[in-house]
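User: Before I rely on any description of this entry, I would like to hear the reasoning behind each term. Please take me through the ligand site and then the chain as a whole.

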Amino acid sequence: MTPDGDAFARRMFDLDDRVAIVTGASSGLGASVARALASLGARVAVVARRHDRLAGLAKEIDGLAVACDLSDPERAGSVVPAVAADLGPPEILVNAAGGMFTEERAEDEPLDAVRRTLDLNLVAPFLLAQAAFPHMRAVGRGAIVNVSSISGRVGIPGIPQASYAASKAGLSGLTAELAVQWARHSIRVNTVAPGFFRSEITGPLYESERAAAYLRRNTPLPKEGDADDIVGAVVWLAGDAGSYVTGQTIVVDGGWTAR
Ligand SMILES: NC(=O)c1ccc[n+]([C@@H]2O[C@H](COP(=O)([O-])OP(=O)(O)OC[C@H]3O[C@@H](n4cnc5c(N)ncnc54)[C@H](OP(=O)(O)O)[C@@H]3O)[C@@H](O)[C@H]2O)c1
């Protein structure tokens with residue numbers, strides 16, 4: 001590539017002082033995304049419940065730790081104002097916090113688990129996007145990246161997750177609608193849908209040889225997934241390299257759903 005080409009390629013990924021909020025940043029994918037955005041120049045607020053973990057990461061990346069239980073809508077509503085007051089208006093929001101609250105089959109999922117799943121995985125990203133919107137509109141641009149799952153797109157035999165799948169599919173619907181409503185303000189909204197990768201949520205799966213063999217068998221690419229395999233898609237969508245992409249759900253799954 002020519003020197004000009006090099007500069008262009010670098011500019012596409014440069015986040016030059018943009019303020020970013022990354023939820024779920026106390027572990028797994030959120031922590032990897034926070035490190036990646038900071039390394040590209042963003043000032044990053046990291047959000048989750050475990051303050052000690054967040055404080056360590058914030059120190060490492062010169063960011064801001066915001067401890068919050070996002071499954072409580074009132075507390076979730078306080079995150080964006082706190083970040084805006086400390087770092088300035090957020091231009092990037094990555095909703096990576098998520099969880100699963102029951103392993104029951106669909107017919108037996110308790111209502112409480114269904115509601116908790118939807119509150120954390122779907123309602124909280126919506127509330128954070130709503131709170132970020134006026135800041136992004138004022139700045140004249142914004143990028144929201146939600147993290148869903150291939151289970152929002154296909155059923156996963158043997159690993160029951162009905163409310164989780166519903167919450168993740170809901171994120172794709174929310175993404176398309178917000179993208180269309182907010183495009184006039186140059187606010188882009190996309191979703192990354194990972195396949196299986198090793199993290200705290202999936203730790204027990206990978207520890208079972210039978211389950212790990214099932215995951216290997218169903219993933220065409222030979223490598224076992226980890227958080228760093230998903231980060232590239234989030235970085236692409238968060239910055240100028242993704243500047244003409246909006247309303248999409250990008251699957252990053254080692255080929256699981258291509259079979
Ligand atoms: N691992 C996979 O195979 C896989 C596949 C598809 C999709 N995903 C999705 O990828 C995202 C990241 O997951 P991961 O695999 O990296 O798992 P992880 O390491 O367990 O990370 C989950 C993050 O969410 C945070 N979180 C959980 N409950 C929260 C709450 N009530 N309030 C605030 N933060 C909360 C956790 O922090 P605290 O505990 O400190 O609050 C943690 O930082 C999730 O949305 C998950 O659904 C994962």
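Analyst: A polar contact is a pair of N or O atoms within 3.5 Å. The model is predicted, and the distances below are computed from it.

User: What makes the pairing of S26 with the ligand a polar contact?

Analyst: An N or O atom in the side chain of S26 is 2.7 Å from an oxygen atom of the ligand, and because the cut-off is 3.5 Å, this pair counts as a polar contact. The side chain of R49 also places a polar atom 2.7 Å from a ligand oxygen, whereas A96 uses a backbone N or O atom, which lies 2.9 Å from an oxygen atom of the ligand.

User: How much of the ligand does the protein bury?

Analyst: Taken alone, the ligand exposes 870 Å², and the protein buries 95% of that area.

User: Where does the ligand sit, and which elements give two or more residues to its shell?

Analyst: The ligand sits in the largest pocket; the elements that contribute two or more residues to the shell are α2 (28-39) and α7 (162-182). Of the 30 residues around the ligand, S26, S27, R49, Y164 and S199 come nearest, and the shell divides into 14 nonpolar, 11 polar and 5 charged residues.

User: Why does the chain agree with a compact globule?

Analyst: For 259 residues, a compact globule would have a radius of gyration near 18 Å, and the chain has 18 Å, so the two agree. The chain contains 10 helices and 7 strands, and its C-alpha atoms fill a box of roughly 50 × 50 × 35 Å along the principal axes.

Key:
Residues are numbered from 1 along each chain as its sequence is written. This is a predicted model: local features need pLDDT of at least 70, side-chain atom pairs count only at pLDDT 80 or more; totals for chains, interfaces and linings use all residues. Side-chain values use heavy atoms; hydrogens and water are left out. A residue is near a molecule or strand if one of its heavy atoms lies within 4 Å of it. A polar contact is a pair of N or O atoms within 3.5 Å; within protein, one must be able to donate a hydrogen and the other to accept it, and residues adjacent in sequence count only if both atoms are side-chain atoms. Accessible areas come from the Shrake-Rupley method with a 1.4 Å probe; for residues, only the protein chains shown count as cover. On a 1 Å grid over the protein atoms alone, a cavity is a set of points where a 1.4 Å probe fits but cannot get out, and a pocket is an open set with protein on both sides within 12 Å along at least five of seven lines; lining residues have an atom within 4 Å of a point. A molecule sits in a cavity or pocket if more than half of its atoms lie within 2 Å of its grid points. Helices (H or I, at least four residues) and strands (E, at least two) are DSSP runs, numbered from the N terminus. Ala, Val, Leu, Ile, Met, Phe, Trp, Tyr, Cys and Pro count as nonpolar, Asp, Glu, Lys and Arg as charged, and the others, Gly among them, as polar. The radius of gyration is taken over C-alpha atoms; the globule rule is 2.2 Å times the number of residues to the power 0.38.
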